[in-house]
Amino acid sequence: MDALLTDSAVLERIHEQRLIEGVEHMSPAYLEGMKRILTVSADTELVGAPAYLYAARGAPNINTFGSAIAIIQDELGHAHIAYRLLRDLGVDTEELVYRREPVKWKYPYAFDVPLDSWYELIVANAFYDRAGYILLSDVYNSTTFGPWKRALIKVDKEETFHLRHGEQWIRKLAPNTADHETLQNAINWMFLLTVEWFGLPDDLKKHTEQLGFGFKGKSNDELRQAWMAAVVPFMEEVGVEVPAHWDEAAERWVIDCPFPARFDAASKTWMLDDGPISWDDVMVRWKGRGPMNEAYVGRLQKGYRQRMAVAA
Ligand SMILES: [Fe+2]
Ligand SMILES: [Fe+2]
């Protein structure tokens with residue numbers, strides 16, 4: 001089925017407060033934009049599974065390993081929902097999930113950096129799942145695409161469980177001298193990568209249809225602010241340092257170090273002494289993907305490839 005409506009017919013329906021229910025209510029621009037935002041969401045959910053599984057090896061015991069597996073299972077469910085919606089929009093999801101080259105996947109760069117310990121997994125829950133929760137709550141509140149809006153009720157509840165899992169563990173470990181430094185080291189590389197998660201700043205952003213068609217409600221910078229509003233006070237409460245503070249005069253959260261900055265993925269360090277870099281430079285890093293991209297996508301595609309090889 002093709003999207004045959006004009007943009008103005010779509011906007012008219014939206015202004016009448018009626019949701020878009022399928023391709024028959026879309027214009028080509030709405031359809032392409034919705035595919036783009038859904039692909040980012042689906043890829044992010046799916047790659048979370050191998051990334052968290054890799055980290056779960058460091059679980060302190062079998063019960064905590066079980067809670068990590070429960071989170072992974074949720075992420076697979078979230079990914080399934082988003083790819084299913086893409087299939088209903090006419091996308092070949094078998095190609096998208098199982099045959100697409102790793103470098104073409106659209107999830108945030110942060111997931112390409114390995115989570116090497118239980119500490120890094122719980123910070124990922126507190127940071128990455130919080131980012132996911134903020135992005136998807138905004139979609140839930142504002143999206144004009146009915147099937148996605150309804151599906152997100154369940155997703156939002158599960159993301160809340162994931163981020164609480166991270167925060168409870170951080171609260172538990174932060175007061176211990178032995179754990180504090182390891183936790184601080186994880187946060188040192190993971191904080192700015194999650195600030196980046198929200199994408200280009202508003203003045204550089206290309207895909208303006210995301211707001212015009214009501215795919216989401218808040219801009220990238222507003223979502224980034226919402227994330228810092230939740231994360232920075234929590235970090236202050238548990239006594240872990242992050243390079244950001246509330247600026248009374250500007251009435252916004254500001255970053256206290258060069259940003260965006262150069263990141264060395266192999267050593268998981270920010271080259272802050274080099275000063276800030278341009279977003280064009282950041283895009284080069286994002287597009288080149290990071291160290292775990294091939295391994296994670298390879299893991300997701302392995303079973304399919306084996307089955308195809310047997311069938312051939
Ligand atoms: Fe998720
Ligand atoms: Fe999650």
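**Helix α5 and the iron site**

Of the 25 residues of α5, 19 are buried (under 20% relative accessible area with a 1.4 Å probe, protein chains only), so the helix is largely enclosed by the rest of the structure. This is a predicted model in which local features need pLDDT of at least 70 and side-chain atom pairs count only at pLDDT 80 or more, while totals for chains, interfaces and linings use all residues. Residues are numbered from 1 along each chain as written, chains are lettered from A and ligands numbered from 1 in written order, and side-chain values use heavy atoms, without hydrogens and water.

Helix α5
- Helices are DSSP runs of H or I with at least four residues, numbered from the N terminus.
- The end C-alpha atoms of α5 (residues 118-142) are 35 Å apart, which agrees with the 36 Å expected for 25 residues at 1.5 Å a residue (1.5 Å times one less than the number of residues).
- A kink of about 35° is centred on A124, the bend being the angle between axes fitted to the seven residues ending there and the seven starting there.

Iron site
- E75 (OE), D129 (OD), E159 (OE) and H162 (ND1) coordinate the iron ion (ligand 2) at 1.9 to 2.2 Å; donors are N, O and S atoms within 2.8 Å of the metal (3.2 Å for Na, K and Ca), and water is not among the atoms, so sites may look incomplete.
- E75 bridges the iron ion (ligand 2) and the iron ion (ligand 1), which lie 3.4 Å apart.
- E75 is in helix α3 (residues 62-88) and E159 in helix α6 (residues 146-173), so the pair ties together parts 84 residues apart in sequence.
- E75 counts as buried at 3% relative accessibility, as does E159 at 2%.

Key. Helices (H or I, at least four residues) and strands (E, at least two) are DSSP runs, numbered from the N terminus. Buried means under 20% relative accessible area, exposed over 50%, partly exposed in between (1.4 Å probe, protein chains only).
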